[in-house]
Each structure stands twice: as structure tokens, then as C-alpha cells.
Amino acid sequence: MPLYDALNTGCISVEADIWLQDGELLIGHEKGSIDPARTLKSLYLDPLVSILSDRNPDLDLNDGTDHSASLKGVFSTDASTALVLLIDIKTESVDSLPVLMDQLSPLRDQGLLTHFDGSQMIQGPLTVVGTGNTNFDTIFNEKDRTVFFDAPLDNDWSEDSPASKAYSKDNSYYASVSFDKSIGKPSFLGDLSDEQTKKVKDQIQGAHDRGLKVRYYDTPSGLGEKSIQEQLWKEGVDVLNRDDLKAAKEFLEKQEERL
């Protein structure tokens, strides 16, 4: 099961691609790969309810009390670390997002989700972020927000710019972009030009100034892969998308050894 594979390697952010079909949210990178037996609920949401209930056996999560200050997260080695569930909506947001909101109800009702209560963000053990076709206006207009937006990183983040006015930690969690499309190709050995490095720095600084975490996807693979990842990590990127979980774990362990 992908969720357990990710948790076992220590990933603090997992991604699920969802397709709305016949009223159900199905999992799959491509439409042709979806299977009615592989649902968001069975592969991610139900297991997360079970894991978090097991991690908090002394709390009655259904008593209506705010337990946010004492809730333990999914990681036994660091109970305070929240897991991010990144939902990539592949079908139309207007149809898919209401179904997602409904399926999140068991987690929401038990106070397990990070939420914005109208004045501040309350951290929970699980933070849900919408990307792909997720509609920002729908997220923004939620009074008690339990799904946050994945803002476009490739923006002008200067003060008073449209992006700086629109996106903040109150409505968004990540700011993301395709590395390949925004930064471009590095050298054969994975070195960035001065111009590319400046763009990376500006993007990271701009998003961080708004309280957002930076995520790059479509990063180069092959010979220069490790070099690019190390440069991005050095510049302060928060999340690097990786499909190879073992390689991702080895990379993070190596970075920790250097601290």
C-alpha cells in the first residue's frame, strides 16, 4: 500500500492522484490506470483514521473537545510532525472537491486535520493540500478551511504583487512548480547557471516570505540528479518530489549526517 510504503521511509508528504468516477474518488497516475477497488478512502483516508486513532488511544476523538494541543501524529519517532496529504485532483474541481470534502469528514470531525478557523491556522496531525485542478477560489471561500491550496511558485512574489496578495499560509501550504518548465535544464553534470540559481533563490525567498513551503517537481533525473537535489536543498527548498522512496530516504539521511 503506497501510504504505508511512504510512512515506513519517513516521508512527511505523500501524494495521491484522484479521479472522480461514478461518485467515487479513484487513485491513479493516469486515467487508464484507475481501478474501482483502489479508492482514496480505502488506500489513504481510512488507514489514516486508523493510524491516528491508534496513536491517540487515551483521547476520545469523538467527544467534540479540541484536542489539537495533545494530538500525536503518525510518526512514533516524532509525534509532533504532521503528515501532508497532497491531493492532485485530475478531474474537474467543481465536481471532485465537494466529494473530497465529504470523504474527509471522519478526519475533520475528530479534529485530526490542520484547519483555518477564520483568524488563525490550527495545526493538526494531518494537513491536506489540494493541487492539480483544485480551484483556489473554492478553497479561499471556505470559512473553516481544512483543505489548503498548492500555490503556483513561478510568480512575481514582490510586495504588493498579485501573488503576494492572494496566497498566504492562511489559505495555502505549498508553493510548487515544475522545475523543468520554470528553471530549465541544468548542465550535463547537474550544475545550475547563475541565472537559474538566482531564479531558484528568488522563488524560495518569495514563497517563504508568505509563509509557504517550496516544492519542486519534474526535477532532473540521471547523472546530475543528486547534484541538483543537493543544490536545491542547500538553497532552502522544503520538498522534493521523488518516486523512488529508497533513494529519497538515503538522500535525506545523507543531508542529516552533514548537519
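**Exercise 1.** Which residues does Leu40 touch, not counting residues up to four places away in sequence?

*Solution.* The structure is a predicted model. Setting aside residues up to four places away in sequence, the contacts of Leu40 are Ala16, Ile18, Leu25, Ile27, Leu45, Ile87, Leu100 and Gln103. Leu40 also belongs to the largest nonpolar core, which has 59 residues. Leu40 is listed there among the residues with the most contacts inside this core, together with Tyr44, Leu83, Ile87, Leu107 and Tyr216. Helix α2, residues 40–55, gives the most to this core, namely 8 residues. A second core, separate and made up of 8 residues, includes Phe116, Val129, Phe148 and Val239.

**Exercise 2.** Determine whether the length of helix α8 agrees with the span expected for its residues.

*Solution.* Helix α8 covers residues 194–209, which is 16 residues. The expected span is 1.5 Å times one less than the number of residues. For α8 this should give 22 Å, and the end C-alpha atoms are 22 Å apart, so the two agree. Next, consider the surroundings of the helix. Gln196, Thr197, Val200, Gln203, Ile204, Gly206 and Ala207 of α8 are buried. The elements covering these buried residues include β8 (172–178), α7 (179–182), β9 (213–217) and α9 (225–235). Just after α8, Gly211 has a positive phi of about 80°.

**Exercise 3.** Describe the second largest pocket by its space and its lining.

*Solution.* The space in this pocket is about 260 Å³. Its lining consists of 18 residues, with Asp66, Arg108, Gln110, Gly111 and His115 nearest the centre. By type, the lining comprises 5 nonpolar, 8 polar and 5 charged residues.

Definitions and conventions:
Residues numbered from 1 in each chain as written. Predicted model: local features only at pLDDT ≥ 70, side-chain atom pairs only at ≥ 80, totals over all residues. Heavy atoms only, no water. Core = buried A, V, L, I, M, F, W, Y, C linked by side-chain atoms within 4.5 Å. Buried < 20%, exposed > 50% of the residue type's maximum accessible area, 1.4 Å probe, protein only. Helix = DSSP H or I, 4+ residues; strand = E, 2+ residues; numbered from the N terminus. Contact = heavy atoms within 4.5 Å. 1 Å grid on protein atoms, 1.4 Å probe; cavity = no way out; pocket = protein on both sides within 12 Å on 5 of 7 lines; lining within 4 Å. Points joined across faces, edges and corners; volume = space filled by probe spheres on them. Nonpolar A, V, L, I, M, F, W, Y, C, P; charged D, E, K, R; others polar.
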